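User: I want to know how the labels on this model are earned. Please set each value against its definition.

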Amino acid sequence: MSDSPRGRKPLVADRRYGKASPAKKRGKASTAKRKPAKQRRRARPQRRGLVGLVQRLVRWILHLIWRITWRVGFLAGAVLALFVGYYYTTLPAVDELLDGRARGSVTLLDYEGQVFAWRGDQFGGAVTAQTVSPHLKNAIVATEDKRFYSHFGVSPRGIASAVRINLREGRGPLSGHGGSTITQQTAKLLCLGVPYDPGTQSEAEYERDCRRGTIQRKAKEAIYALAMEARYSKDEILTIYMNRAFLGAGARGFEAASQRYFGKSAANVDPAEAAMLAGLLVAPTRFAPTNDLTRSRNRAATILRLMNEQGYLSDTETARYQDNPAQLSEAAEARSGGYFADWVMSTGPEFFTRKTTEDVIIRTTLDQRIQRGAEEALKWVFDNKVRAGSKAQAAIVVMSADGAVRAMVGGRRTKVDGAFNRAVQAKRQTGSAFKPFVYAAALDLGYSPNDTVEDAPLTIDIPGSGPWSPRNYTNKHYGTVTLTRALKDSLNIPAVKVSEFVGRDLVRRVASDFGLQSDLAAGPALALGASESTLIDMTGAYAGILNGGSSVEPYGLVDLRLLGDEEPLMGTGGGIGERVVQEDAARQLIWMMEKVVSEGTGQRARFGGRQLAGKTGTTQAARDAWFVGFSADYVAGVWMGYDDNTPLTGVTGSGLPAEIWRETMQRVHEGVPARPLPMTGPDTRGETRDPGVGQGGGTGGGVGGLLENLLRDILGSNSGNRPPPVARSGSDR
């Protein structure tokens, strides 16, 4: 065996004590110094004890969390994709989602065919993101979702910003600002695809359910939004949003809102109008320009600033449109037609008016010129004749002799919708405004305006109530007076005597046939207007006198048709009815009522040298004051009083109501040629008429026999406290 290093066999001791063999020594130095891989891994010092145990435990937990999170994340993503896929399959074509109204709309036209009011949910027609004004599109995006065209339906940055704002303002993280994108808002407008079922819940309950803001609901909205982003383009989503958004005053969609507020298409709005429309999205009722124009304009100015900050408007354009805000159209200024529109809606069938599911067109009798005149007249009198701060109310009705209502004011606040309408809803005692019907009954029996009655103290024993003694307003007595003077000076005792002589039942029948449908008083105070009536019924009854003695049913609806139909579904529901008194009796009554205005208690109603007729009325303790009258062309009624029946101070029918009537009728008759009243004076040939009932001819309503029996009973038992018969005018007159 060779002793050379090459041939030497390594000893066990060499290996044991780490001595390198000659072969290894001949290798590279770097190789000799390199440590084995396992030894290198163990080079890091290992902590022992509790600290090492904790470190190893934390590393194990983190590793476990990572493995679980990865699996849970994958599973959550799969579930999310499943839900998004499900909603994706349920989404219909865009065209099917544009008109989502539960109710139809009612468009009201005046007698010339011009739109003056809307009711219900107005849908002006579908618009798209491409057909609306680009200013409107920019205003919506700038206001509601400036990253609309870049996000995927949900904006985490927007949600985080909203949570931060809510917390800073002291609210809960999800209370107040929601951070919803336009896509999420559209999902809410679609109620996540759940249609409205009127059989299971009301529309209000459905809307409330759709607007719920719970975490679960927000999660569903986000999923639905993702499905919409997958199914539709951004412009299609914006199109759905623009057509379904509620924008106040019953307008659904931006086309309806643009037509309602500006009288133009959404394709033609300028930046100021676009900003006002976009400003409605945050709170449609609060910012509706018909509710508060100043507030709406301030909101629009903010939106114009946002459009400027996002590059949609230059500084010059922004300043110009902020200095020249949007102007409302004339129809929008009228605020949905006010009291008249409410009344017309109440007179039509409910399923075509208040609860219509169709789009309906109603043509009415309204004359917007006359309506403006009545509103201006009322305001002028209260501004100039009534003490500041007065809570007194007033109402006005103007109609033609056939009952076609041309104007209606139901209270001092004229720009209202759904308010209490004193012209048609308030039943008040009529006072002396009732007296013409007492004299109508007498004239129809054949009596003359020149027949006389004794104005002297009177006491009537009323069974169950005791003696009753009416008094004149002046507390004086005037002896023998003609029927004309008794009406002209509004004397109470002669009116009661005439009523008792011709018979209360007859007076009640005449008044009822003329349209006073309320329960009429049964006692002798009937003649003094102790019964209650509405202003519209009183005005309609006076219209019956003007038209020659035929009853009138006031009406405002001319015809009703569905949108797009040529033939109406229904026509006028009112107008002239049956004859109540002879035409000659009506013409003589008009002559007597003309004396009221030209010589008597109604002189403050005179204007312009026209022939006018009417009657004042003041109830007990001056709780109600009336003036109702007419020219040859129009009939107008005015009521004034307090809603709580507080007595008026220093007001009678011959005062402020007559002045309101005059101011109204002056404006009504602007440009209308003066015409004489259709009246006939009393027979002045000195002939004494036959007192027989047949001479009167009775009424067209079959009253003749009743009159004859009543008159025979009265003449046959004229004793006690019953007043003496009316004296006929003789040849000495």
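User: Which sign does the phi of Gly515 have, and where does this residue sit?

Analyst: Gly515 sits just after α23 and has a positive phi of about 120°. Helices are DSSP runs of H or I with at least four residues, strands are runs of E with at least two, and both are numbered from the N terminus. This is a predicted model, in which local features need pLDDT of at least 70 and side-chain atom pairs pLDDT 80 or more, while totals for chains, interfaces and linings use all residues. Residues are numbered from 1 along each chain as its sequence is written, and side-chain values use heavy atoms, without hydrogens and water.

User: Which residues of α23 are buried?

Analyst: In α23 (residues 504-513) they are Leu506, Val507, Arg508, Val510 and Ala511. Buried means under 20% relative accessible area, exposed over 50%, and partly exposed in between, with a 1.4 Å probe and protein chains only.

User: Why is Trp60 called exposed?

Analyst: Its relative accessibility is 51%, and the cut-off for exposed is over 50%, so Trp60 counts as exposed. Trp60 belongs to helix α5 (residues 50-90).

User: What makes the nonpolar surface patch that includes Trp60?

Analyst: Val58, Trp60, Ile61, Leu62 and Ile65 make the patch, which covers about 480 Å². Patch residues have over 30% relative accessible area and no salt bridge, and nonpolar side chains (Val, Leu, Ile, Met, Phe, Trp, Tyr) are joined within 5 Å, like charges within 9 Å. A salt bridge is a side-chain nitrogen of Lys or Arg within 4 Å of a carboxyl oxygen of Asp or Glu. Areas come from the Shrake-Rupley method with a 1.4 Å probe, and for residues only the protein chains shown count as cover.

User: Why is Tyr642 called buried?

Analyst: Tyr642 has 13% relative accessibility, so it counts as buried. Tyr642 is in the loop between β19 and α26.

User: Which residues is Tyr642 in contact with, beyond its neighbours within four places in sequence?

Analyst: Arg387, Ser390, Lys391, Ala392, Arg428, Arg623, Pro647 and Leu648 are in contact with Tyr642, where contact means heavy atoms within 4.5 Å. Arg623 is 19 residues from Tyr642 along the chain, and their C-alpha atoms are separated by 7.2 Å.

User: Why is Asn645 called partly exposed?

Analyst: Its relative accessible area is 37%. Asn645 lies in the loop between β19 (635-641) and α26 (656-668), and its phi is positive, near 70°. Most residues other than glycine have a negative phi. Asn475 has a positive phi too, near 60°, and lies in the loop between β11 (466-468) and β12 (479-482).

User: How do you know that the span of α24 agrees with its 12 residues?

Analyst: The expected span is 1.5 Å times one less than the number of residues. For α24 (residues 535-546) that gives 16 Å, and the end C-alpha atoms are 17 Å apart, which agrees. Of its 12 residues, 11 are buried, including Leu535, Met538 and Tyr542. Gly548 follows α24, with a positive phi near 105°.

User: How do you know that β17 and β18 pair?

Analyst: Two strands pair if DSSP finds at least two bridges between them. Six bridges join β17 to β18 (residues 624-630), and the strands run antiparallel. Thr618 stands opposite Ala625 in β18. The hairpin has five residues between the strands, and Ala621 in it takes a positive phi near 65°. In β17 (residues 613-618), five of the six residues are buried.
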